[in-house]
Amino acid sequence: MSHSSDNAPQPTQPQHAQHGLHPKAETVADFQRHLAAVHARIAQACQRVGREPASVRLLPVSKTMDEPTLRLAYAAGLRQFGENKVQEAHRKWEAMADLADLRWSVIGHMQTNKAKLVAKFAAEFQALDSLRAAEALDRRLQAEGRSLDVFVQVNTSGEASKYGLNPADVAGFLRGLPVYSALRVRGLMTLALFSSEAARVRPCFVLLRTLRDRLRQDAPAGISLGELSMGMSGDFELAIEEGATVVRVGQAIFGARSLPDSHYWPTTPPQTPEPE
Ligand SMILES: *Cc1c(COP(=O)(O)O)cnc(C)c1O
């Protein structure tokens, strides 16, 4: 139940209570209805802060969904899919190669040994978090004669289990990227703290935006930081209010996933934490 039918403006709250409750899209009409609802939520969030809805790109996240479901989504008009695991994304890309205008976005951590796959099919990689990965991707892209839009992933929640660079390390990281000429750096990406309290979620988005604003002033040549990829089904309104230009939305479009999020997100630290 949305709170937006009240006339008095109310502070935006995360909708994680909906988590796991989204109805599954099983027909083209289901997709059209879910998409209309998401676009309406985007428009309302934009209106609250005086932004144009066209300034927010909706990236539908299709992870765990099977090929027939993706084909229904395509029939409903979707032309890009975000996937969190490289091999799953590559498999779907191969199976759906007949849909030539479909773009694939890899939004989850990439092991370096998967760079070759990503370089083959991805139009965008949103989880760049190491120079090793940048080097591996660039080398494979050069071999393929391709280039790739990339986002640098930042850990804004301070949780040890989340991938992404420490905010303090991003400036130095960006200075290392211009040598990788096949990578077109577009902006920053983050996953906020997963909480139903806006007061705990919003600071993650504010951190990413202020970091971007600060770094943009003297970004290395060729590095563009126009894009902020932040916000998912439960929190994209907050992210839009704080400046998101890309929202990554899965369950509100496709329906609840049957696999738990722990299958897709690390629950153990990705690397040994450094002593403080
Ligand atoms: C799954 C996922 C999303 C989308 O989450 P939903 O709750 O399905 O909207 C967004 N970003 C990343 C990195 C994801 O893995």
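## Aromatic pairs

In this predicted model, Phe 121 has a relative accessibility of 5%, and because the cut-off for a buried residue is under 20%, Phe 121 counts as buried. Trp 93, at 27% relative accessibility, counts as partly exposed. The ring centres of Trp 93 and Phe 121 lie 5.8 Å apart with their planes at 35 degrees, so this pair is tilted. The two residues belong to distant parts of the chain, since Trp 93 sits in helix 3 and Phe 121 in helix 4, 28 residues apart.

A search of the whole structure finds four aromatic pairs. One of them is edge-to-face and joins Phe 31 to Phe 254, with 5.3 Å from centre to centre and 80 degrees between the planes. Phe 31 lies in helix 1 (residues 28-49) and Phe 254 in helix 9 (residues 251-254), so that this pair links parts of the chain that are 223 residues apart. Both Phe 31 and Phe 254 are buried, and ring pairs link these two residues with Phe 81 and Trp 104 into a cluster.

## Strands 2 and 3

Strand 2 (residues 80-83) is covered on both faces, with Gln 80 and Gly 82 buried on one side and Phe 81 and Glu 83 buried on the other. In a regular strand, side chains alternate between the two faces of the sheet.

Strand 2 pairs with strand 3 (residues 103-106) in the parallel sense, over four bridges, and Gln 80 has Arg 103 as its bridge partner in strand 3. Between these strands the chain passes through helix 3 (residues 86-95), and the resulting β-α-β crossover is right-handed.

## Helix 5

Helix 5 (residues 131-144) has 14 residues, which at 1.5 Å a residue should span 20 Å, and the end C-alpha atoms are indeed 20 Å apart, in agreement with that expectation. The helix is followed by Gly 145, whose phi is positive, near 65 degrees.

The buried residues of helix 5 are Ala 133, Ala 134, Ala 136, Leu 137, Asp 138 and Leu 141. Among the elements that cover these buried residues are helix 4 (115-121), strand 4, strand 5 and strand 6.

## Salt bridges

The count of salt bridges comes to 18. In one of them, the side chains of Glu 124 and Arg 57 meet at 2.7 Å, N to O. This pair links distant parts of the chain, with Glu 124 in strand 4 (residues 124-128) and Arg 57 in strand 1 (residues 57-60), 67 residues apart. Glu 124 is buried, with a relative accessible area of 2%, whereas Arg 57, at 23% relative accessibility, counts as partly exposed.

The side chains of Asp 149 and Arg 184 also meet in a salt bridge, at 2.7 Å, N to O. Asp 149 belongs to strand 5 (residues 148-153) and Arg 184 to strand 6 (residues 183-189), and the two residues are 35 residues apart in the chain. Asp 149 counts as buried at 11% relative accessibility, while Arg 184 counts as partly exposed at 33%.

## A network of charged residues

Arg 202 and Glu 241 form a salt bridge of 3.1 Å, N to O, which links Arg 202 in helix 7 (residues 198-216) to Glu 241 in helix 8 (residues 236-241), 39 residues apart. Arg 202, at 23% relative accessibility, counts as partly exposed, whereas Glu 241 is buried, with a relative accessible area of 15%. Through salt bridges that share partners, Arg 202 and Glu 241 are joined with Arg 48, Arg 209 and Glu 242 into one network.

Terms used
Residues are numbered from 1 along each chain as its sequence is written. This is a predicted model: local features need pLDDT of at least 70, side-chain atom pairs count only at pLDDT 80 or more; totals for chains, interfaces and linings use all residues. Side-chain values use heavy atoms; hydrogens and water are left out. A salt bridge is a side-chain nitrogen of Lys or Arg within 4 Å of a carboxyl oxygen of Asp or Glu. Buried means under 20% relative accessible area, exposed over 50%, partly exposed in between (1.4 Å probe, protein chains only). The expected span of a helix is 1.5 Å times one less than its number of residues. Contact means heavy atoms within 4.5 Å. Two strands pair if DSSP finds at least two bridges between them. A crossover is right-handed if, with the strands pointing away from the viewer, the path from the first strand over the helix to the second runs clockwise. Rings of Phe, Tyr and Trp (its six-membered ring) pair if their centres lie within 6.5 Å; planes under 30 degrees apart count as stacked, over 60 as edge-to-face and the rest as tilted.
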